[in-house]
Amino acid sequence: MTIELRHHTNLTVRARQDLLDVYADVRAPLLHLANYRVQTFAERLDRHATEPGFELVLGYDSDVPIGYAYGNTADADDRYWKRMTEPLPDGFTDTPVLAIKEIGVSIPWRGTGTARRIHDELLAHRTEDRVTLMVNPLAGDGKVQALYEAWGYQAFNSQQPSPDSPRLTAMIRPL
C-alpha cells in the first residue's frame with residue numbers, strides 16, 4: 001500500500017472536492033446529524049481555508065483520496081480560544097499554535113498508521129511551537145482520544161463549538 005501525500009495551502013476546486021468526498025466516507029455514520037452534514041462541513045471548510053496559516057494534507061491511494069488533516073494558525077485573538085469552557089492560564093495564548101480542525105481516514109486505512117503519517121506530514125514544516133486539536137471523547141468509545149494521547153497530546157480544556165456539536169475535549173502538545 002503506497003500512500004501519496006499532497007499539501008495544499010490554497011483550497012483548489014479539486015482538493016476541496018477530494019476532501020469532501022473522503023469526509024463523506026469517513027463520517028458516513030454521522031451524516032444524519034446537523035453538525036456532521038457534508039454541507040455544514042463544507043461551510044466550515046470554506047471559512048477555515050481563508051484563515052491565516054491554512055494547510056491541508058490529503059492522502060491518496062492510486063489517486064483516490066483516503067485521508068486528510070488540515071488546520072490553521074490560531075493566535076491570541078482567535079475565536080478558537082474564546083470558546084473554551086474554562087478560563088485559560090495567563091500567557092497560554094501568547095504564542096500562535098497550529099489548530100488542527102479535522103483529521104480523518106477511510107475505514108480500510110485505519111489501523112495502518114496512515115492517520116499518523118498524514119498528521120505528521122501536516123506538522124512537518126509548521127513554525128508554531130505547539131499544536132492543538134479537539135476530540136469528541138465519545139468517538140470510538142474513547143479510542144480516538146486515547147490515540148491522540150499516544151501521539152503526545154494532553155487534554156487541557158473543553159468546548160462546544162456550536163449548539164449542534166458535541167462537547168469536545170481540547171488537547172495540546174509541543175510541535
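This report describes the strands of a predicted model, with one helix that packs on their sheet.

## The sheet as a whole

The sheet is open and consists of 7 strands with mixed pairing. Their order across the sheet is 1-2-3-4-5-7-6. Strand 1 (4–8) and strand 6 are at the edges, and each has a single partner strand, so one side of each lacks a neighbour in the sheet. On average, neighbouring strands are turned by 25° against each other, direction ignored.

## The helix on the sheet

Helix 1, residues 13–26, packs on this sheet. The helix touches strand 1, strand 2 (55–61), strand 3 (64–74) and strand 4. Between the direction of helix 1 and that of strand 3 the angle is about 105°.

## From strand 4 to strand 5

Strand 4 covers residues 97–105 and runs parallel to strand 5, to which 4 bridges join it. Val97 has Arg130 in strand 5 as its bridge partner.

## Strand 7 and its two partners

Strand 5 (residues 130–135) also pairs with strand 7, here in the antiparallel sense and over 6 bridges. In this pairing Met134 stands opposite Ala170 of strand 7.

Strand 6, made of residues 154–159, pairs with strand 7 in the antiparallel sense as well, over 5 bridges. Gln154 has Ile172 in strand 7 as its bridge partner.

Strand 7 spans residues 168–174. Of its 7 residues, 6 are buried, that is, under 20% relative accessible area. Strand 7 is therefore largely enclosed by the rest of the structure.

Terms used
Residues are numbered from 1 along each chain as its sequence is written. This is a predicted model: local features need pLDDT of at least 70, side-chain atom pairs count only at pLDDT 80 or more; totals for chains, interfaces and linings use all residues. Side-chain values use heavy atoms; hydrogens and water are left out. Buried means under 20% relative accessible area, exposed over 50%, partly exposed in between (1.4 Å probe, protein chains only). Helices (H or I, at least four residues) and strands (E, at least two) are DSSP runs, numbered from the N terminus. Two strands pair if DSSP finds at least two bridges between them. Axes are lines fitted to C-alpha atoms, for helices over the stretch in contact, and angles run from 0 to 180 degrees between N-to-C directions. Contact means heavy atoms within 4.5 Å.
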